[in-house]
Amino acid sequence: DPAGHYLPFKGTASGAKEQEATNFLEKRVERIESYTFDETVRTAIVCLGSVLGSDFRGNEIEVACVQGKEGRFRCLTEEEIEDHLNAIADDADA
């Protein structure tokens with residue numbers, strides 16, 4: 001049964017490895033507020049990869065976001081996710 005949580009945080013995690021993900025986000029909390037949308041999505045993907053110890057392809061994960069004051073929810077396409085994964089890989093190579 002899904003449950004909703006309203007939390008006044010800049011970043012939070014839930015699930016089996018919640019504490020590891022929360023620790024990852026806490027190390028970046030001071031910068032999170034100034035992140036662009038792309039930086040926020042990439043931080044979430046890197047956090048997931050770090051906690052799970054895995055690299056992903058665009059068809060292996062789902063990414064969704066809530067944007068704007070209206071709280072518009074949308075899922076990123078596989079191509080958008082792949083673009084973010086490529087940018088993460090490029091940053092790692094630099």
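Buried means under 20% relative accessible area, exposed means over 50%, and partly exposed lies in between (1.4 Å probe, protein chains only). This is a predicted model, in which local features need pLDDT of at least 70, side-chain atom pairs count only at pLDDT 80 or more, and totals for chains, interfaces and linings use all residues. Residues are numbered from 1 along each chain as its sequence is written, and side-chain values use heavy atoms, with hydrogens and water left out.

**Exercise 1.** State how many salt bridges the structure holds, and describe the partners of each.

*Solution.*
Step 1. A salt bridge is a side-chain nitrogen of Lys or Arg within 4 Å of a carboxyl oxygen of Asp or Glu. Side chains of opposite charge can pair when their charged atoms come close.
Step 2. The structure holds two salt bridges.
Step 3. One joins Arg74 to Glu80, with 3.3 Å from N to O. Glu80 has a relative accessible area of 26% and is therefore partly exposed; Arg74, at 23%, is also partly exposed.
Step 4. Another joins Arg57 to Glu60, whose closest N and O atoms are 3.0 Å apart. Arg57 is exposed because its relative accessible area is 53%, whereas Glu60 is partly exposed at 42%.

**Exercise 2.** Determine whether Thr43 is buried or exposed, and name the residues that it touches.

*Solution.*
Step 1. Thr43 lies in helix H3, which covers residues 37-52. Helices (H or I, at least four residues) and strands (E, at least two) are DSSP runs, numbered from the N terminus.
Step 2. The relative accessibility of Thr43 is 13%, so Thr43 counts as buried.
Step 3. Contact means heavy atoms within 4.5 Å. When residues up to four places away in sequence are not counted, Thr43 touches Phe24, Leu25, Arg28 and Tyr35.

**Exercise 3.** Describe the surroundings of Phe37 and its separation from Glu62.

*Solution.*
Step 1. Phe37 also belongs to helix H3.
Step 2. With a relative accessible area of 29%, Phe37 is partly exposed.
Step 3. Apart from neighbours within four places in sequence, Phe37 is in contact with Cys65, Gln67, Arg74 and Leu76. Arg74 is the residue that forms a salt bridge with Glu80.
Step 4. Phe37 and Glu62 are 25 residues apart in sequence, and their C-alpha atoms are 16 Å apart in space.

**Exercise 4.** Locate Glu82 and classify its accessibility.

*Solution.*
Step 1. Glu82 is found in helix H4, residues 78-93.
Step 2. Glu82 counts as partly exposed, because its relative accessibility is 31%.
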